[in-house]
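Work through the exercises below with the model open. Each task is followed by a solution in steps.

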Amino acid sequence: MSPLPSDYPRYAWQMLTGQRAAKEAETHAQRMRDLQPWLDLGRPLDILDVGNGSLRPQYALLRGAGHRVTGIDFVNQPALGWKAHAYRLLRGMYALQLGLGQAAMEPTGLLKGNVGVLPFPDATFDLAVSYAAFEHFLEIPKVLTELQRVLRSGGLLWVGIHLFTSPSGGHNVSFTEYPLRTLPPGTEPWDHLRKRRRPFTVPLNQWRKQQYLAAFAHHFEVLHHYCALREGEQWLTPDLQVELADYSRDELTCATLVLVAAKR
Ligand SMILES: C[S@@+](CC[C@H](N)C(=O)[O-])C[C@H]1O[C@@H](n2cnc3c(N)ncnc32)[C@H](O)[C@@H]1O
């Protein structure tokens with residue numbers, strides 16, 4: 001997600017103080033724990049990072065752990081200008097804070113492309129991972145069909161999804177705080193499910209938890225799923241529960257849904 005201009009100072013502060021790097025390291029460690037019952041992560045694996053993003057922290061962490069990592073994303077292309085320069089600086093800072101050499105950030109394994117049309121032969125990867133990207137994919141069945149194809153027999157998929165139905169799921173108020181703990185002045189909780197006063201600034205498929213579970217189960221064997229991050233319990237008043245009665249409490253307060261699945 002791109003920051004809104006007013007978010008930049010706070011974002012920069014979180015980068016400088018290492019708060020963001022610490023969160024990325026936590027996500028990486030959690031993923032290792034999730035996968036450990038099914039996968040030997042001690043040997044070098046062929047891994048695909050699906051929607052690696054401009055800062056690519058998870059791509060770097062997996063490379064730093066000794067794996068052969070390929071990333072695919074629209075943003076993977078040589079770029080010029082102040083934004084590209086800022087991303088380069090931030091990636092360098094991430095590498096330092098995460099205790100990785102700069103080599104882990106190098107773009108050697110990165111491809112520019114659409115995750116719905118993967119430019120890889122069948123059975124190329126042992127593991128596909130994706131963090132905070134699935135909620136932006138507009139053709140999920142196509143993506144899942146492709147992931148199923150490029151995974152090896154018994155290959156695994158680990159996905160962390162920022163759920164649309166959570167308070168920060170509209171992506172407008174979520175950038176600087178994740179999970180969301182304070183609402184910016186003038187913002188109503190779950191505005192994106194109610195009056196939609198704030199426009200969306202990034203593509204969002206608006207999928208709900210059950211849609212993800214059904215789509216993943218259609219293409220893969222779902223081994224495990226859980227809510228990794230909660231937010232918004234304090235704003236779910238009895239009045240709001242009535243107004244948002246189409247949504248369960250679980251989906252209204254789950255900011256990150258994690259799914260672990262295996263190729264059948
Ligand atoms: C919020 S970023 C997540 C980045 C990264 N995984 C992270 O955790 O920092 C979502 C990324 O998905 C990419 N994306 C969205 N739809 C895509 C598509 N159809 N094909 C390739 N990349 C896509 C965007 O370009 C963006 O970089």
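**Exercise 1.** Find the residue with positive phi that follows α3, and state the angle.

*Solution.* This is a predicted model. Go past the end of α3 to Gly-66. The phi of Gly-66 is positive, near 95°.

**Exercise 2.** Decide whether α3 is mostly covered or mostly open, and name what covers its buried residues.

*Solution.* Step one: count. Seven of the eight residues of α3 are buried, so the helix is mostly covered. Step two: list them. The buried residues are Pro-57, Gln-58, Tyr-59, Ala-60, Leu-61, Leu-62 and Arg-63. Step three: look outward from them. The cover includes the helices α2 and α4 (82–97). It also includes the strands β1 (46–50), β2 (68–73) and β4 (125–131).

**Exercise 3.** Describe how α2 and α3 cross, and which residues meet there.

*Solution.* Start with the axes. Helix α2 spans residues 19–35 and helix α3 spans residues 57–64. Their axes come within 10 Å and cross at roughly 55°. That angle makes α2 oblique to α3. The hand of the crossing is right-handed. Now take the residues. From α2 come Glu-24, Thr-27 and His-28; from α3 come Pro-57, Gln-58 and Leu-61. Sort this contact by class: two residues are nonpolar, three are polar and one is charged.

**Exercise 4.** Classify His-162 and Ala-214 as buried or exposed.

*Solution.* Place His-162 first: it is in strand β5 (residues 151–162). Count 23 other C-beta atoms within 10 Å of His-162. The cut-off for buried is 20 or more, so His-162 is buried. Next, list its contacts, leaving aside neighbours within four places in sequence. They are Ala-132, Glu-135, Gly-169, Ala-255 and Thr-256. For a long-range check, take Cys-254, 92 residues from His-162 along the chain. The two C-alpha atoms are separated by 8.4 Å.

Turn to Ala-214, in helix α6 (residues 209–219). Ala-214 has 12 C-beta neighbours inside 10 Å. Exposed means 12 or fewer, so Ala-214 counts as exposed. Compare its position with Val-50, 164 residues away in sequence. Their C-alpha atoms are 20 Å apart.

**Exercise 5.** How many residues surround the ligand, and which are the closest?

*Solution.* Count the shell: 18 residues surround the ligand. The closest are Gly-51, Gly-53, Val-115, Ala-133 and His-136. Then sort the shell by class. It has 10 nonpolar, seven polar and one charged residues.

How values were computed:
Residues numbered from 1 in each chain as written. Predicted model: local features only at pLDDT ≥ 70, side-chain atom pairs only at ≥ 80, totals over all residues. Axes fitted to C-alpha atoms, helices over the stretch in contact; angles between N-to-C directions. Helix = DSSP H or I, 4+ residues; strand = E, 2+ residues; numbered from the N terminus. Parallel < 35°, antiparallel > 145°, perpendicular 65-115°, else oblique. Left-handed = near helix turned anticlockwise from the far one by under 90°. Contact = placed C-beta atoms within 7 Å. Nonpolar A, V, L, I, M, F, W, Y, C, P; charged D, E, K, R; others polar. Near = placed C-beta within 6 Å.
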